[in-house]
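Here is a short, friendly tour of one corner of a protein model. Have a look at the structure below, and then read on.

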Amino acid sequence: MAAELHVELVAADRQVWSGEATLVVARTTSGDIGVMPGHQPLLGVLESGPVTIRTSDGGTVVAAVHGGFVSFADNKLSLLAEVAELADEIDVKRVEQELERAKAEDDAEAQRRADVRLRAASAAR
């Protein structure tokens, strides 16, 4: 079994992250999945949630992902997200304000997006 897998995290508007990893954890419609080198091929639908990437150099990359697809074959993992944002790009104060506004407007979708972004930012600390 290979010791690493190649990961591409791509949003509709940009490549968010690319590199080598030892583990990727993401939320799909079937539940949370962990993909390591040598994993069985898969194709799934991404749910909104944090994606955690354990890099080959021992670091961790966390991103807030909102919808999309995940595929894995030949030690190449592709996360094709509708929207994705690295945790270190998230302005926590701004997202907290967005969450309060969404609650006041009773906008469940906006609340969910803000919650995912806050969880990703928190997980990266």
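## A buried histidine and a helix pair

At 9% relative accessibility, histidine 66 counts as buried (under 20% relative accessible area, 1.4 Å probe, protein chains only). This is a predicted model, where local features need pLDDT of at least 70, side-chain atom pairs count only at pLDDT 80 or more, and totals for chains, interfaces and linings use all residues. Residues are numbered from 1 along each chain as its sequence is written, and side-chain values use heavy atoms, leaving out hydrogens and water.

Histidine 66 sits in strand S6. Leaving aside residues up to four places away in sequence, its contacts (heavy atoms within 4.5 Å) include Val116 and Arg117. Val116 and Arg117 are also among the buried residues of H2. The cover over the buried residues of H2 includes these elements, helices and strands being DSSP runs (H or I, at least four residues; E, at least two):

| Element | Residues |
|---|---|
| Strand S5 | 49-55 |
| Strand S6 | 60-73 |
| Strand S7 | 76-86 |
| Helix H1 | 92-104 |

Helix H2 itself covers residues 108-123 and reaches 22 Å from its first C-alpha to its last. At its start, a side-chain oxygen of aspartate 107 comes to within 3.3 Å of the backbone nitrogen of glutamate 109.

How do H1 and H2 meet? Their axes come within 9 Å and cross at roughly 155 degrees. H1 and H2 are therefore roughly antiparallel (over 145 degrees). The contact involves residues including Leu99 and Ala102 of H1 and Ala114 and Leu118 of H2.

Terms used
The expected span of a helix is 1.5 Å times one less than its number of residues. Buried means under 20% relative accessible area, exposed over 50%, partly exposed in between (1.4 Å probe, protein chains only). A polar contact is a pair of N or O atoms within 3.5 Å; within protein, one must be able to donate a hydrogen and the other to accept it, and residues adjacent in sequence count only if both atoms are side-chain atoms. Axes are lines fitted to C-alpha atoms, for helices over the stretch in contact, and angles run from 0 to 180 degrees between N-to-C directions. Angles under 35 degrees count as roughly parallel, over 145 as roughly antiparallel, 65 to 115 as roughly perpendicular and the rest as oblique.
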